[in-house]
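Work through the exercises below with the sequence and the model at hand. Each task is followed by a solution in steps.

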Amino acid sequence: MASIETGGGGSGKKAVNQEIPLIPFIDLLLCCVMFLLATAVWNQLAAMNANQQVPGQASTEDAPPEDEKVKLILQVRNAGYVLGSSAGESIDIKKRVVSNEREFDVDELKAKLAQWKQAWDKREDLIVAPEDGVRYEDVIVAMDVASAAGFTALSMADGAAFGG
Amino acid sequence: MAIKRPQPELLHHIPLRFVRNRVAGHGRKSVDHQIPLIPFIDFLIVLVIFLLMSFSASGELVAQQPTITMPAAANTAQIEISPIVAVDDRVITLDGTRVADTQTLGATAQVDRIEPLITGLEAEKRKWETIHPSEPFAGQVIVQADRNIDFRVVKKVMFSAAAAGYGNVSFAVNQAEK
């Protein structure tokens with residue numbers, strides 16, 4: 001047992017040495033360890049949120065500003081990404097060839113989305129429209145890149161509805 | 001803290017050396033030992049701090065399934081309690097109950113309704129509205145899909161979820177570092 005000794009204590013004075021009770025402290029720590037082990041969450045899971053967008057659906061808010069009437073759309077096609085808007089803009093980002101395999105050009109998408117964010121700095125909404133046949137992981141990567149670029153209010157729509 | 005060998009306790013207070021020697025074992029080497037408690041306490045404190053760092057107050061809402069390898073993403077939100085639709089390469093389940101076959105859904109291009117999924121989600125919705133009568137229904141569903149699944153299958157799941165009143169979808173992902 002740990003103790004604090006001040007020396008002295010002689011000549012009839014009351015001793016001021018103290019014993020520190022370590023056993024209850026160890027019991028407390030062991031209880032903490034057991035509780036934390038029982039409630040520990042080892043896998044780091046998170047979520048990417050999106051709502052479902054029906055193309056042509058009217059907004060629920062009254063009279064949105066003019067620039068918010070323009071829909072910003074990121075299509076994830078089998079041939080690559082297409083950034084477009086209902087105003088008629090369209091930027092094609094083809095897949096690139098990496099070691100004889102065609103991959104989505106994520107770096108190019110990051111650059112183009114950053115440019116778009118500068119052009120539409122007040123907008124946070126983006127419609128992600130994946131095509132049939134695209135891997136689920138590629139859609140999540142596209143959504144992740146869009147969130148990183150500042151488009152945090154993501155909606156999902158059917159890629160076929162936008163001519164995919 | 002010391003471990004003391006069991007020994008006679010009587011006659012210890014008598015201040016005579018020959019009595020003490022007789023009682024203590026005739027001057028033989030003592031077998032008393034000190035257990036070092038301070039390093040043990042240090043170890044426990046480090047363990048508690050490590051476990052506190054990985055502590056999550058919300059607990060484990062979505063369990064990692066062995067048949068599903070989820071994609072990773074860095075810009076994510078926290079998972080909230082919602083019905084979980086799991087999509088692996090064989091079956092689609094709602095909270096562990098099988099509702100459809102992945103292969104069958106992936107074979108056709110048309111957007112089919114998954115009736116058992118819609119029925120299950122509507123039942124969940126009714127249950128939620130009964131428990132929370134004064135709160136607006138969030139309509140959120142967690143989709144936990146394998147990363148190599150064709151998005152066509154996920155699209156059909158989302159369509160069926162929307163048909164049941166679940167318009168907000170949370171895609172469960174592994175948290176990647178930014």
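Two strands pair if DSSP finds at least two bridges between them. Helices (H or I, at least four residues) and strands (E, at least two) are DSSP runs, numbered from the N terminus. This is a predicted model, in which local features need pLDDT of at least 70 and side-chain atom pairs count only at pLDDT 80 or more, while totals for chains, interfaces and linings use all residues. Residues are numbered from 1 along each chain as its sequence is written, and chains are lettered from A and ligands numbered from 1 in the order in which they are written.

**Exercise 1. Strand pairing across the chains**

Task: Find the sense in which β3(A) and β8(B) pair, and list residues that stand opposite each other.

Solution:
- Step 1. β3 of chain A covers residues 45–52, and its pairing with β8(B) is antiparallel, over seven bridges.
- Step 2. Begin with A:L45, which stands opposite B:N174 in β8(B).
- Step 3. For A:A46, the bridge partner in β8(B) is B:V173.
- Step 4. A:M48 has B:F171 of β8(B) opposite.

**Exercise 2. Other partners of these two strands**

Task: Identify which strands of chain B pair with β8(B), and which strand of chain A is joined to β3(A) by two bridges.

Solution:
- Step 1. Within chain B, β3 (residues 72–73) pairs with β8(B) in the parallel sense, over two bridges. B:A73 has B:Q175 as its bridge partner there.
- Step 2. β7(B) is also parallel to β8(B), with four bridges; B:I142 is partnered by B:S170 of β8(B).
- Step 3. Within chain A, β3(A) runs parallel to β10 (residues 153–156), and two bridges join them. A:N51 stands opposite A:S155 in β10(A).

**Exercise 3. A hairpin in chain A**

Task: Describe the pairing of β5(A) and β6(A), and find the residue with a positive phi in their hairpin.

Solution:
- Step 1. β5 (residues 80–85) and β6 (residues 90–94) of chain A run antiparallel and are joined by five bridges.
- Step 2. A:V82 is placed opposite A:D92 in β6(A).
- Step 3. Four residues lie between the strands of the hairpin, where A:G88 takes a positive phi near 110 degrees.

**Exercise 4. The side of chain B that touches chain A**

Task: State how many residues of each chain are in contact with the other chain, and sort those on the chain B side by kind.

Solution:
- Step 1. Two residues are in contact if their C-beta atoms, placed from the backbone, lie within 7 Å.
- Step 2. 46 residues of chain B are in contact with 37 residues of chain A.
- Step 3. On the chain B side, at least two residues each come from α2 (37–53), β7 (140–145), α5 (151–163) and β8 (168–175).
- Step 4. That side has 28 nonpolar, 13 polar and five charged residues. Ala, Val, Leu, Ile, Met, Phe, Trp, Tyr, Cys and Pro count as nonpolar, Asp, Glu, Lys and Arg as charged, and the others, Gly among them, as polar.

**Exercise 5. Helix α5(B)**

Task: Compare the expected span of α5(B) with the distance between its end C-alpha atoms, and say how many of its residues are buried.

Solution:
- Step 1. The expected span of a helix is 1.5 Å times one less than its number of residues.
- Step 2. The 13 residues of α5(B) should therefore span 18 Å, and the end C-alpha atoms are 18 Å apart, which agrees.
- Step 3. A residue is buried if 20 or more other C-beta atoms lie within 10 Å of its own, exposed if 12 or fewer, and partly exposed in between, with C-beta atoms placed from the backbone.
- Step 4. By this count, 11 of the 13 residues of α5(B) are buried, including B:F151, B:R152, B:K155, B:K156 and B:V157.
- Step 5. Just after the helix, B:G165 takes a positive phi of about 100 degrees.

**Exercise 6. The nonpolar core**

Task: Name the residues with the most contacts inside the largest nonpolar core.

Solution:
- Step 1. A nonpolar core is a set of buried Ala, Val, Leu, Ile, Met, Phe, Trp, Tyr and Cys residues joined through C-beta atoms within 7 Å.
- Step 2. The largest such core has 68 residues, and A:V128, A:A146, B:V85, B:V143 and B:V157 have the most contacts inside it.
- Step 3. Leaving aside neighbours within four places in sequence, the contacts of A:V128 include A:A50, A:L74, A:V139, A:A146 and A:S155.
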